[in-house]
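Morning, everyone. Please have the sequence and the structure open while I talk.

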Protein chains: 2
Amino acid sequence: MKKTTEKEHSACTGILKPVRDSLDILSGKWKLPIIIALTFGEKRFTEITQEVQGITDRMLSKELRDLELNGLVRRNIQDSYPVKVTYALTEHSKTLRPVINSLKNWGIMHKEKLKQECREFKSAGKKTRSPVA
Amino acid sequence: MKKTTEKEHSACTGILKPVRDSLDILSGKWKLPIIIALTFGEKRFTEITQEVQGITDRMLSKELRDLELNGLVRRNIQDSYPVKVTYALTEHSKTLRPVINSLKNWGIMHKEKLKQECREFKSAGKKTRSPVA
DNA sequence: TATAGTACTATACTTTAGTATAGTCAATCA
DNA sequence: TGATTGACTATACTAAAGTATAGTACTATA
């Protein structure tokens with residue numbers, strides 16, 4: 001086992017920072033459900049509340065604002081009656097595709113792995129973690 | 001604007017569930033820093049606390065346990081004096097590579113985009129969000 | 001016998017994320 | 001005039017995530 005060098009350390013943070021930037025945008029309970037709900041076309045505020053089950057108005061309002069600030073969602077006001085506000089994904093949001101895809105694929109694969117390990121565990125009766133020395 | 005169909009809706013959740021599974025494992029303040037700290041070789045408990053600046057023993061202990069349960073980290077006890085416990089990434093953890101990479105790349109790209117938009121905003125003086133109708 | 005190193009755990013606390021419930025404002029319709 | 005719709009905001013709360021600080025069990029060395 002070797003000590004971590006300065007070079008390695010700066011490589012770490014070089015990876016870590018942008019990864020965290022991405023996660024800040026995607027993590028939390030509602031951001032992805034909202035994004036996914038909008039992938040099939042623009043929607044109005046109340047339509048999104050219906051589509052994203054369980055979200056409150058307060059959360060939706062806040063999350064939409066965040067997503068808009070990050071350039072992922074565009075807000076259009078139609079000055080008709082009743083006042084229509086629609087939300088749509090931006091072109092930029094499409095760049096998230098590979099990110100979402102890799103997360104999806106890994107999620108599926110990882111679950112398979114855990115299931116398999118569980119089977120092995122049951123048949124072999126091996127222990128995962130020994131009691132603390 | 002069209003109503004979301006049932007078919008579309010089930011496609012949504014089909015994406016959403018595994019994505020959330022992945023995010024559950026990667027999100028939070030410490031999981032990735034720990035994983036990244038271990039990419040350069042196995043480390044002991046105290047070495048990780050030094051490498052991952054700001055983490056408390058309690059958090060490290062908890063996060064390592066989570067990561068071990070998810071099969072991403074292996075724990076080895078050497079029964080020497082002083083008792084040595086080392087942590088290393090598993091083979092399975094390497095499957096995270098594309099995930100981390102896509103998050104990293106998107107994070108970098110997204111930041112660039114925001115910076116650029118900020119410049120445009122300043123020069124054009126356009127407003128992002130009109131006052132509520 | 002006292003001290004120190006290692007890998008933790010316990011308890012109590014603060015901060016952040018998310019929820020519940022109600023209210024507002026403008027316009028139009030009955 | 002009063003009810004209704006749409007897109008929110010305000011206030012107050014609970015739950016989850018994270019922090020601070022101290023303590024423990026084991027063993028070896030001084």
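A word first: this is a predicted model. I'll start at the DNA. The surface near DNA strand D divides into 7 nonpolar, 5 polar and 7 charged residues. In total, 19 residues surround DNA strand D. The closest are A:P82, A:V85, B:G28, B:K29 and B:Y81. So both chains are on that list. Which elements give two or more residues to this surface? From chain A, helix 3 (45-51), helix 4 and strand 3 (84-89). From chain B, helix 4.

Now DNA strand C. Here, too, 19 residues surround the strand. The closest are A:G28, A:K29, A:Y81, B:S61 and B:V85. Chain A gives two or more residues through helix 4 (57-69). Chain B does so through helix 3 (45-51), helix 4 (57-69) and strand 3 (84-89). By class, the surface near DNA strand C has 7 nonpolar, 5 polar and 7 charged residues.

Next, the two protein chains. How do they relate? Turn chain A by 180°, with a shift of 0.0 Å along the axis, and it lies on chain B with an RMSD of 0.1 Å. That is the relation of a two-fold axis. The same surface serves both copies, with 100% of the contact residues of chain A recurring in chain B.

How many residues does each chain put into the contact? Chain A gives 51 residues, and chain B gives 51 residues. On the chain A side, helix 1 (6-26), helix 2, strand 2 (73-78) and helix 5 (97-124) each supply at least two. Helix 5 of chain A has the largest share of that side, 15 residues. By class, the side of chain A that touches chain B has 25 nonpolar, 12 polar and 14 charged residues.

Stay with helix 5 of chain A. It has 28 residues, and at 1.5 Å a residue they should span 40 Å. The end C-alpha atoms are 40 Å apart, so the two values agree. The buried residues of this helix are A:V99, A:I100, A:S102, A:L103, A:K104, A:W106, A:G107 and A:H110.

Take one residue from that list, A:I100, which is found in helix 5 of chain A. Why does A:I100 count as buried? Because A:I100 has 21 C-beta neighbours inside 10 Å, and the cut-off for buried is 20 or more. Across the chains, A:I100 touches B:I15 and B:V19. Look along the sequence as well: A:I100 and A:E120 are 20 residues apart. In space, C-alpha to C-alpha, A:I100 and A:E120 are 30 Å apart.

Then helix 2 of chain A, residues 31-38. Of its 8 residues, 7 are buried, so this helix is largely enclosed by the rest of the structure. The buried ones are A:L32, A:P33, A:I34, A:I35, A:I36, A:A37 and A:L38.

Last stop, the strands of chain B. Strand 2 (residues 73-78) and strand 3 of chain B run antiparallel, joined by 6 bridges. One of the pairs is B:V73 with B:L89 in strand 3. A hairpin of 5 residues joins strand 2 of chain B to strand 3 of chain B. Strand 1 (residues 43-44) of chain B also pairs with strand 3 of chain B, in the antiparallel sense, over 2 bridges. There, B:K43 has B:Y87 in strand 3 as its bridge partner.

To close, back to the DNA: strand 3 of chain B is among the elements that give two or more residues to the surface near DNA strand C.

Note on methods: Residues numbered from 1 in each chain as written. Chains lettered and ligands numbered in written order. Predicted model: local features only at pLDDT ≥ 70, side-chain atom pairs only at ≥ 80, totals over all residues. Near = placed C-beta within 6 Å. Helix = DSSP H or I, 4+ residues; strand = E, 2+ residues; numbered from the N terminus. Nonpolar A, V, L, I, M, F, W, Y, C, P; charged D, E, K, R; others polar. Buried ≥ 20, exposed ≤ 12 C-beta atoms within 10 Å, placed from the backbone. Contact = placed C-beta atoms within 7 Å. Least-squares fit on C-alpha atoms with pLDDT ≥ 70 in both. Expected span 1.5 Å × (residues − 1). Pairing = 2+ DSSP bridges. Lists of a residue's contacts leave out its neighbours within four places in sequence.
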